[in-house]
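Please open the model in your viewer and keep the selection panel at hand. The tour proceeds by selections, each followed by a description of what is found there.

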Amino acid sequence: MKEILSEYPIIPVVVIEQIEDAVPLAKSLVAGGLSVIEVTLRTPAAIAGIEDIIKNVPGAVVGSGTVCSESQLQMSIELGCKFAVSPGATNSLLKKARDSGFNYLPGVSSASEVMRGLEYGFDTFKFFPAEAVGGTTLLKSLHGPFGDVKFCATGGIGLDNVMSYLSLANVLSVGGSWITPSKLIKEKRWSEIERLASQASSLTQ
Ligand code: 3PG
């Protein structure tokens, strides 16, 4: 997981409402320089959308998001996702992910949650919901006791604050929906999404 986050410092978090949007959406992100995509399992269209992207957008590195159960983790593995992300974590998810060896990013928002993840062998976490729980201030505080732990910060991140996260020693990447606003997806404005992706990817070049 660490390698994926290091290679892709900005991860678009997408919600697919219409299956037919999945491929053009992914193509516009890849064309804009963001090849990694977290497709949230929040909609009935998500699973078919993931399958379509994997089949039809060869440059895309697709992961599942909002993974809240062992069965969703298992499904992500079977679909051919490259990784799975959870907003939090449960003991059963941590155990299943560890035993499967799959690239898994559990969510944390406190020191105790980091400690529980470490007990299960994880040292890289989604920090969520970043802005709401203390943002860069909390991340800096966590760096003291957990010097080797790395984070992907998500939740409330956009163009205005993305660099303040990426400049932290313990942040490998950030995720967010600002690159794929639901309004643009609904209106199928793919070139605008490509422009937002280019704008985001140029920040890290
Ligand atoms: C999520 O899982 O919802 C992500 O963290 C996205 O958060 P955002 O919509 O605030 O960018």
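**The ligand and its shell**

By class, the residues that form the shell around the ligand comprise 2 nonpolar, 5 polar and 2 charged residues. The model is predicted, and every value quoted on this tour is computed from it.

To display this shell, select Val13, Arg42, Lys126, Phe128, Thr154, Gly155, Gly156, Gly176 and Ser177, which surround the ligand. Next, display the pockets of the protein: the ligand sits in the second largest pocket.

**Polar contacts of the ligand**

Which part of Lys126 should be inspected for an N or O atom 2.9 Å from an oxygen atom of the ligand? Select the side chain of Lys126, where that N or O atom is found.

Turn then to the backbone of Gly156, in which an N or O atom lies 2.7 Å from a ligand oxygen atom. For Gly155, the backbone should again be shown: an N or O atom there is 3.5 Å from an oxygen atom of the ligand. Taken alone, the ligand exposes 310 Å², and the protein buries 80% of that area.

**From the shell to a cis peptide bond**

Keep Phe128, one of the residues surrounding the ligand, and add Pro129 to the selection. The peptide bond that joins Phe128 and Pro129 is cis, with omega about -10°. Pro129 belongs to the loop that runs between strand 7 (124-127) and helix 7 (130-133).

**Two residues with positive phi**

Most residues other than glycine have a negative phi, and most peptide bonds are trans. With that background, select Thr66, whose phi is positive, near 55°, although the residue is not glycine. Thr66 is located in the loop between strand 3 (61-65) and helix 4 (70-79). Is Thr66 buried or exposed? Thr66 counts as buried because its relative accessibility is 15%, below the 20% limit.

Move on to Lys188, a residue other than glycine with a positive phi of about 55°. Lys188 is placed in the loop between helix 10 (182-186) and helix 11 (190-203). Its relative accessibility is 39%, so Lys188 counts as partly exposed.

**A final stop at Phe102**

Finally, select Phe102 in the loop between helix 5 (91-100) and strand 5 (104-105). Phe102 counts as buried because its relative accessibility is 17%. Add Leu73 and draw a C-alpha to C-alpha distance: Phe102 and Leu73 are 9.1 Å apart in space and 29 residues apart in sequence.

Note on methods
Residues numbered from 1 in each chain as written. Predicted model: local features only at pLDDT ≥ 70, side-chain atom pairs only at ≥ 80, totals over all residues. Heavy atoms only, no water. Near = heavy atom within 4 Å. Polar contact = N/O pair within 3.5 Å; in protein donor to acceptor, adjacent residues only side chain to side chain. Areas by Shrake-Rupley, 256 points an atom, 1.4 Å probe, with all protein chains shown as cover. 1 Å grid on protein atoms, 1.4 Å probe; cavity = no way out; pocket = protein on both sides within 12 Å on 5 of 7 lines; lining within 4 Å. Sits in = over half its atoms within 2 Å of the grid points. Nonpolar A, V, L, I, M, F, W, Y, C, P; charged D, E, K, R; others polar. Helix = DSSP H or I, 4+ residues; strand = E, 2+ residues; numbered from the N terminus. Buried < 20%, exposed > 50% of the residue type's maximum accessible area, 1.4 Å probe, protein only.
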